[in-house]
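Colleague: I'm new to this one. Could you walk me through how to read it?

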Amino acid sequence: MKIERAFYLGKSTLRIARGLLGTLLVVPDEHASRVSGMIVETEAYLGIEDKAAHSYGGRRTARNEVAYGPGGHAYVFFVYGMYYQLNIVTGPVEHPHVVLIRAVEPVDGIEIMRTRRGAMKDKNLTSGPGKLCIALDTDRGLNGADLAGGQIWLEKYRQFTENEIATGKRIGIDYANEYAAMPWRFWVRGNQYVSRNREG
DNA sequence: CAAGTGATTAGC
DNA sequence: CTAATCACTTGC
């Protein structure tokens, strides 16, 4: 069952980032009907105040424009000359909070993911933000896509309890000074598809 | 551990 | 216009 729009419009992006663990990220596919993975790792980016966020200080560019739109849409951007990263926009209009999807566990269409990822061990198929975008074929064509539409969406799948979820600092944002230490990364404890195994 | 990669951004 | 940067991955 598709996640309802109200969920994405919630006040606390941190709660949404936690709540996304265990939901299924689904992309339709012409060969396999659909390709999907269960979200096992997320990071919250808290808009204007967050030095690690693209919208820090109110920065507003062509790239991050969709983050200023209403929650419940995909924000996809390109980085390091090679990789896409998939985010979920949260909160109301003019409130540029997003949740980065850092890792999923393959559920539907694993054969297609193997083809897209090349000669890779299964545990490397979707265990990172760039990897999962290749496996699920989520590129800039999905930037701004409505999660209530038919291009990409999330479904309820599993629930994790408090102690199955771990929290720590975010990855790859050391430039963000005091915000680099904020515990805004969430992951499913012990899951082999989490991008790195470390506490924090 | 460092190279690769090019869109995006800020700063002239 | 130009130069620096970058929410990563892979292969050495």
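Modeller: Sure. Let's start with a definition: Ala, Val, Leu, Ile, Met, Phe, Trp, Tyr, Cys and Pro count as nonpolar, Asp, Glu, Lys and Arg as charged, and the others, Gly among them, as polar. Keep in mind, too, that this is a predicted model.

Colleague: Okay, so how do the residues of the surface near DNA strand B divide into those classes?

Modeller: Five are nonpolar, three are polar and two are charged. The residues around DNA strand B are Arg59, Thr61, Ala62, Arg63, Asn64, Phe78, Val79, Tyr80, Gly81 and Met82.

Colleague: And which residues come nearest to DNA strand C?

Modeller: Of the 21 residues around that strand, the nearest are Tyr45, Leu100, Gly128, Gly130 and Gly172. The elements giving two or more residues to this surface are β4 (83-90), β5 (97-108) and α4 (129-135). Sorted by class, the surface near DNA strand C has twelve nonpolar residues, eight polar and one charged.

Colleague: Let's step back to the whole chain. How many helices and strands does chain A have?

Modeller: Chain A has four helices and eight strands. Following the sequence, they come in the pattern α-α-β-β-β-β-β-α-α-β-β-β. Chain A is as compact as a globular protein of its length, because its radius of gyration is 16 Å, close to the 16 Å that the globule rule gives for 200 residues. Along the principal axes, the C-alpha atoms fill a box of roughly 45 × 35 × 35 Å.

Colleague: What about the inside: which residues have the most contacts within the largest nonpolar core?

Modeller: Those are Val40 and Val104, in a core of 54 residues. Strand β2 (residues 33-46) gives the most to this core, with seven residues. Leaving aside residues up to four places away in sequence, Val40 touches several others, among them Leu21, Val104, Trp187 and Val194. Across chain A, buried residues make up 43% of the 200 residues.

Colleague: Last one: how should I read phi?

Modeller: The general idea is that most residues other than glycine have a negative phi. Here, Ser33 has a positive value, near 70°, and Asn177 has one too, near 50°.

Colleague: Where are Ser33 and Asn177, and is each of them buried or exposed?

Modeller: Ser33 lies in strand β2, while Asn177 is in the loop between β7 (165-168) and β8 (185-188). A residue with 12 or fewer C-beta neighbours within 10 Å is exposed. Ser33 has 9 inside 10 Å, so Ser33 counts as exposed. Asn177 has 10 inside 10 Å, so Asn177 counts as exposed.

Notes
Residues are numbered from 1 along each chain as its sequence is written. Chains are lettered from A and ligands numbered from 1 in the order in which they are written. This is a predicted model: local features need pLDDT of at least 70, side-chain atom pairs count only at pLDDT 80 or more; totals for chains, interfaces and linings use all residues. A residue is near a molecule or strand if its C-beta atom, placed from the backbone, lies within 6 Å of it. The radius of gyration is taken over C-alpha atoms; the globule rule is 2.2 Å times the number of residues to the power 0.38. A residue is buried if 20 or more other C-beta atoms lie within 10 Å of its own, exposed if 12 or fewer, and partly exposed in between; C-beta atoms are placed from the backbone. A nonpolar core is a set of buried Ala, Val, Leu, Ile, Met, Phe, Trp, Tyr and Cys residues joined through C-beta atoms within 7 Å. Two residues are in contact if their C-beta atoms, placed from the backbone, lie within 7 Å.
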